[in-house]
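Let's take a walk through this protein together. Have the sequence and the 3D view ready, and follow along as we go from one feature to the next.

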Amino acid sequence: MNIADLPAAGELLANASTWASAAAPYVAAASPVVLAAWLYWAVRRARLVRAALADRVTVEVVPTSTFDPSEGEVGRWARQLGRVHHSTQGVPARGSAARLRYSAEDGKMRCYLEGPATAAAVLAMPGFAEVEVRAHRAQKDIQPVRFPAPREGAK
């Protein structure tokens, strides 16, 4: 095939415009269907994320005084945390993330690992030889704050 055998640019443009004018009604008819499917998918993802974020568990990670992990142990624990996302049954990444939280209580630093409830077994697995995992601090123990409704007629 050489350049002389190729159609001219004007001919290609005419063919493209003919094809576009023939396909326009079909594209216009398919647009609402594609939009509805995309909207359904977006709402479904948002609901999955909201449900996963509402149902999370927290475990406390307590190292011993001689805790000194090797590079291999750190790599294994990182891979273990990577499995949290896979154990959440198709929840998007926003809702299936594992989070490390640190806090200081009574002068002692504490480390908490938080994740979706469906990944509670993976979160509770010890990742290091000299680390204890305590699963007694579940978010379900936290009671929401309720404000009494104002009385009628009171300002």
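Four strands each give at least two residues to the lining of the largest pocket: strand 1 (56-63), strand 2 (99-105), strand 3 (108-116) and strand 4 (131-134). Keep in mind that you're looking at a predicted model. The pocket has a volume of about 330 Å³, and 16 residues line it, with Val61, Val62, Pro63, Tyr102 and Cys111 the closest to its centre. What kinds of residues make up this lining? Twelve are nonpolar and four are charged, while no polar ones take part.

Now for the strands themselves. They form an open sheet of four, and if you read across it the order is 2-3-1-4, with antiparallel pairing. Strand 2 and strand 4 stand at the edges with a single partner strand each, so one side of each has no neighbour in the sheet. Going from one strand to the next, the twist averages 30°.

Strand 1 is a good place to pause. On one side, six bridges join strand 1 to strand 3 in an antiparallel pair, and here you can find Val57 opposite Gly115 of strand 3. Strand 1 is also joined to strand 4, again antiparallel, by four bridges. Try tracing that pairing: Val61 stands opposite Val133 of strand 4, and Val62 stands opposite Glu132 of strand 4. Is strand 1 mostly covered or mostly uncovered? It's mostly covered, as six of its eight residues are buried.

Here's a handy rule to carry with you: in a regular strand, side chains alternate between the two faces of the sheet.

Next, look for the largest nonpolar core. Twelve residues make it up, among them Val57, Val59 and Val61, along with Trp77, Leu113 and Phe128. Strand 1, helix 2 (71-86), strand 3 and helix 3 (120-123) are the elements that give two or more residues to this core. Which element gives the largest share? That's strand 1, with three residues.

There's a bit of empty space to find, too. The count of cavities of 30 Å³ or more comes to one, and the volume of the largest cavity is about 40 Å³. Val61, Trp77, Leu113, Leu123, Met125, Gly127, Phe128, Val131 and Val133 line this cavity. Sorted by class, that makes eight nonpolar residues, one polar residue and no charged ones. You've met Val61 before: this residue is among the closest to the centre of the largest pocket, belongs to the largest nonpolar core and helps line the largest cavity.

One last stop is Glu130, which you'll find in the loop between helix 3 and strand 4. Is Glu130 buried, partly exposed or exposed? With a relative accessible area of 33%, Glu130 is partly exposed. Now look from Glu130 across to Val62. These two are 68 residues apart along the chain, and their C-alpha atoms are separated by 8.7 Å. Val62 should be familiar as well, since you saw this residue opposite Glu132 in strand 4.

Key
Residues are numbered from 1 along each chain as its sequence is written. This is a predicted model: local features need pLDDT of at least 70, side-chain atom pairs count only at pLDDT 80 or more; totals for chains, interfaces and linings use all residues. Side-chain values use heavy atoms; hydrogens and water are left out. On a 1 Å grid over the protein atoms alone, a cavity is a set of points where a 1.4 Å probe fits but cannot get out, and a pocket is an open set with protein on both sides within 12 Å along at least five of seven lines; lining residues have an atom within 4 Å of a point. Grid points are joined across faces, edges and corners, and a volume is the space filled by probe spheres set on the points. Ala, Val, Leu, Ile, Met, Phe, Trp, Tyr, Cys and Pro count as nonpolar, Asp, Glu, Lys and Arg as charged, and the others, Gly among them, as polar. Two strands pair if DSSP finds at least two bridges between them. Axes are lines fitted to C-alpha atoms, for helices over the stretch in contact, and angles run from 0 to 180 degrees between N-to-C directions. Buried means under 20% relative accessible area, exposed over 50%, partly exposed in between (1.4 Å probe, protein chains only). A nonpolar core is a set of buried Ala, Val, Leu, Ile, Met, Phe, Trp, Tyr and Cys residues joined through side-chain atoms within 4.5 Å.
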